[in-house]
Amino acid sequence: MITMKDIIREGHPTLRLVAKEVELPLSKEVIDLGHEMMEFLVNSQDPELAEKYELRAGVGLAAPQIDQSIRMVAVHIPGIEEDSEDYILSDVMVNPKIVSHSVQSSCLAEGEGCLSVDRDVPGYVPRHSRITVTYHDLNGEKQKVRLKNYAAMVVQHEIDHLNGVMFYDRINEENPYQLDEGVNIIS
Ligand SMILES: Cc1nc(NNC(=O)[C@H](CC2CCCC2)CN(O)CO)c(F)c(N2CCN3CCOC[C@@H]3C2)n1
Ligand code: NI
């Protein structure tokens, strides 16, 4: 199982690479890795398992964070309502591609963090408010999802990792809480 010791931290060169497209049909190794990444997220959101295995909670994980420079991310995004069983999106996305996006931008009110960054980096991280993403799932099926708000922020954070981009690259250096006209704050 994946634990925090498997997650590489900022400064590790793999985090700054552009990850490689995954060949189709998916190999057993890639499928197994995808399931392991999803298992990490599920475990990390379970208070007992998170404590037992000392996992930082996560709603997304990108393969480069476990030193696998391939284009695969896992997202496990619960509904905002407390204890709601439904998930906005829970899937492993192979070769995810943003095929269209809104002109409007949004950012998370609390800013962002990263399992590969062991420090707080305050500031707004502006991203597309709405995105349409195509990807292959672990069954090799092509999927197309339209995401907005919180889920759109999470998936963009993960796809950034596939392109060697860290969330703080997007924070305004002069004024971290600078917001351009019309940027929507998601709380
Ligand atoms: C927003 C949030 N970020 C958490 N961590 N950071 C991450 O996921 C990083 C990715 C996110 C950082 C901002 C956008 C994407 C990991 N990243 O580095 C991967 O590239 C959380 F854990 C979290 N939640 C809310 C839902 N809750 C359900 C119950 O269990 C606890 C869980 C906590 N929300
Ligand atoms: Ni991250």
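**Contacts around histidine 161 and ligand 1**

Colleague: Leaving aside its neighbours within four places in sequence, which residues is histidine 161 in contact with?

Modeller: This is a predicted model, in which local features need pLDDT of at least 70 and side-chain atom pairs count only at pLDDT 80 or more, while totals for chains, interfaces and linings use all residues. Residues are numbered from 1 along each chain as its sequence is written, chains are lettered from A and ligands numbered from 1 in the order in which they are written, and side-chain values use heavy atoms, with hydrogens and water left out. With contact meaning heavy atoms within 4.5 Å, the partners of histidine 161 outside that sequence window are Leu15, Leu17, Ala62, Pro64, Gln65, Cys114 and Met166.

Colleague: Is histidine 161 buried or exposed?

Modeller: Histidine 161 is placed in helix H3, residues 149-162 (helices, H or I, of at least four residues and strands, E, of at least two are DSSP runs, numbered from the N terminus). Buried means under 20% relative accessible area, exposed over 50%, and partly exposed in between, using a 1.4 Å probe and protein chains only. Because its relative accessible area is 1%, histidine 161 is buried.

Colleague: With which side chain does the side chain of histidine 161 make a polar contact?

Modeller: A polar contact is a pair of N or O atoms within 3.5 Å; within protein, one must be able to donate a hydrogen and the other to accept it, and residues adjacent in sequence count only if both atoms are side-chain atoms. At 3.3 Å, the partner of the histidine 161 side chain is the side chain of histidine 157.

Colleague: At which residues does UniProt place the feature "binding site"?

Modeller: The annotation comes from an unreviewed UniProt entry; its positions are given in the numbering used here, feature names are shortened, and annotations may be inferred rather than shown by experiment. The feature is placed at Cys114, His157 and His161. These residues are spread over 48 residues of sequence yet cluster in space, the largest C-alpha distance being 10.2 Å. That record thus names Cys114, His157 and His161.

Colleague: Which residues does cysteine 114 touch, not counting residues up to four places away in sequence?

Modeller: Cysteine 114 is in the loop between strand E4 (105-108) and strand E5 (127-128). Cysteine 114 has a relative accessible area of 5%, so it is buried. Outside that sequence window, it touches Arg56, Gln65, His157, His161, Met166 and Phe167.

Colleague: How far is an oxygen atom of ligand 1 from an N or O atom in the side chain of histidine 157?

Modeller: Histidine 157 lies in helix H3 and, at 10% relative accessibility, counts as buried. Among the polar distances to ligand 1, a nitrogen atom of the ligand is 3.2 Å from an N or O atom in the side chain of tyrosine 150, and a backbone N or O atom of alanine 57 lies 3.0 Å from a ligand nitrogen. For the ligand oxygen and the side chain of histidine 157, the distance is 3.1 Å.

Colleague: What percentage of the accessible area of ligand 1 does the protein cover?

Modeller: Around ligand 1 there are 16 residues, the closest being Val59, Gln65, Leu115, Glu158 and His161, where a residue is near a molecule if one of its heavy atoms lies within 4 Å of it. Accessible areas come from the Shrake-Rupley method with a 1.4 Å probe, and for residues only the protein chains shown count as cover. Of the 680 Å² of accessible area that ligand 1 has on its own, the protein covers 75%.
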